[in-house]
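Biologist: I am new to this protein and would like a close look at a single part of it before I try to take in the whole. Please choose one part, follow it carefully, and tell me what each term means as you go.

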Amino acid sequence: MNEYHHVYQCLKDLYPNGPLYVGFSGGLDSTVLLALAARFAREQGRELTALHVHHGLQAAADAWPAHCRQVAASLGVECRVLTVTVATGPRVSLEAAARHARYAALAAELPAGAALLTGHHLDDQAETLLLALKRGAGIAGLAAMPEHKPLGRGVQLRPLLHLSRAELERFAAEQGLNWVEDPSNADNRFDRNFLRNEILPRLLTQWPAFARTVSRSAALCAEQLELAQDLARQDLIGLVNSAGGLSVTDLRSFTLARRNNALRHWLSERGLHLSHSQLAVAWNELALAAEDATPVLEIKGVKLRRYQGHLYVTARESEPMALNTIKPGCWNELAVGRLQLQPVTAGADITMAPEQLHIAFGITGLRGQPVGRHGSRPLKKLWQEYGIPPWQRGRIPLLMHGERLVAALGLFICEEYAANPHQPGWKIEYSAEPEGTGSGE
């Protein structure tokens, strides 16, 4: 059985261990996938669960949870129904909103180390690449759908990606499988439906191998994307400072293509994906601004800034959380990170007990003398010396004894409060929230 061979090989090669979940809509693709995965689970002694997401977007969908439970039960598989609310907003299509809600629910359901199997097939891959071409996407979009990728605490696998819809229909007929038809699939106002119903059938009639050749192009783009990402990671070594800023001076020495590749990768790591034109605007208005300027550019609700020759990404973040008391021996949440003071018999950072200390933010007029420095300096001068951008300064936790600075967490400890190397006391452990991971503005 050719169809089963594809599923077997995918799961054995990409995910040989761990629990398996199937995203089960009740349609043709996911029904075939569930039947094949159920056989694999039985033969290999693997745990398998079906997950049906109920959007409630149309009356017909109300009957689908019962259908999915019945089909799953006939295959000896448990089926869980996840109910979601689809929230749309300005410039957000119903398709995109439903997809976001669906994957958020599925990701939340996955335990650590689990794999979610989805029924995307060869024709879906061709549609995805055509949609990417319509958007003017680069190689990341033209790489279309990968066979596997991280999802939540686990991974997403697409075992049917090398099988056409016609092959799935033939298998379903041979096995006597029953599935539901989504009425919205006939609505050609949706881009993907238009391609599926009007364009792809004509392309396949003219060129029967079209979906396979398109899939091959997507695979080649995926290889090029991996190479571009590897190059960007190498190029970015040494270009990012301790505050997360990217050196403009170093980027200027790159060729245009290499600079854009590194810049695009750096931005994507911070959750910002820019079009070619947006990338050009960001470079021209920030990197090429006057040397003494501190320009700010807002794109997609996220602020791009330049400060002291470095680019930064900042998003709306939660307000810092001051603490009047610090609980010893456990993590204390500060909204900008977490602090823990652990008792140690040697190698302490400070000797003063936690009950004598508190956490504050944004205090003006303070002075500090970092360990190893001669004399104290105003905190404002120290921020400049450490290269801390102005918008980050109010988010750095200040460990205080009364009105005196003990430490700027993540940066320095003040000389007068520092423990001797072999002295017992308290070890400071601070884990900062990465810059640019806020919810956006």
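Modeller: A residue is called buried under 20% relative accessible area, exposed over 50% and partly exposed in between, with a 1.4 Å probe and protein chains only. The model is predicted, and local features need pLDDT of at least 70 and side-chain atom pairs pLDDT 80 or more, while totals for chains, interfaces and linings use all residues. Residues are numbered from 1 along each chain as its sequence is written, and side-chain values use heavy atoms, with hydrogens and water left out.

The part I choose is helix α8, which covers residues 191–206 and holds asparagine 197; helices (H or I, at least four residues) and strands (E, at least two) are DSSP runs numbered from the N terminus. Asparagine 197 counts as partly exposed because its relative accessibility is 34%. Once neighbours within four places in sequence are set aside, asparagine 197 is in contact with Asn185, Ala186 and Asn188, contact meaning heavy atoms within 4.5 Å. Of these, asparagine 185 is twelve residues away along the chain, and its C-alpha atom is 8.6 Å from that of asparagine 197. With asparagine 188 there is a polar contact, side chain to side chain, at 2.9 Å; such a contact is a pair of N or O atoms within 3.5 Å, where within protein one must be able to donate a hydrogen and the other to accept it, and residues adjacent in sequence count only if both atoms are side-chain atoms.

Isoleucine 199 also has its place in helix α8, and its relative accessible area of 26% makes isoleucine 199 partly exposed. From isoleucine 199 to glutamine 342 there are 143 residues in sequence, and the C-alpha atoms of the two are 64 Å apart in space.

Helix α8 also meets another helix, since called α5 (residues 122–135), and the axes of the two come within 10 Å and cross at roughly 110°. That angle makes α5 roughly perpendicular to α8. On the α5 side the contact is made by Asp123, Asp124, Ala126, Glu127, Thr128, Leu130, Leu131 and Lys134, and on the α8 side by Asp191, Arg192, Leu195, Arg196, Leu200, Leu203 and Leu204. The axes are lines fitted to C-alpha atoms, for helices over the stretch in contact, and the angles run from 0 to 180 degrees between N-to-C directions. Under 35 degrees counts as roughly parallel, over 145 as roughly antiparallel, 65 to 115 as roughly perpendicular, and the rest as oblique.

As for the setting of this helix, the protein has 14 helices and 19 strands, and its C-alpha trace spans about 85 × 50 × 40 Å along the principal axes. Of its 441 residues, 46% count as buried. Among contacts between residues at least 6 apart in sequence, 69% join residues at least 24 apart.

For another residue to set beside asparagine 197, take arginine 305 in strand β9 (residues 302–307), which counts as buried at 17% relative accessibility. Its side chain makes a polar contact with the side chain of threonine 314 at 3.2 Å.
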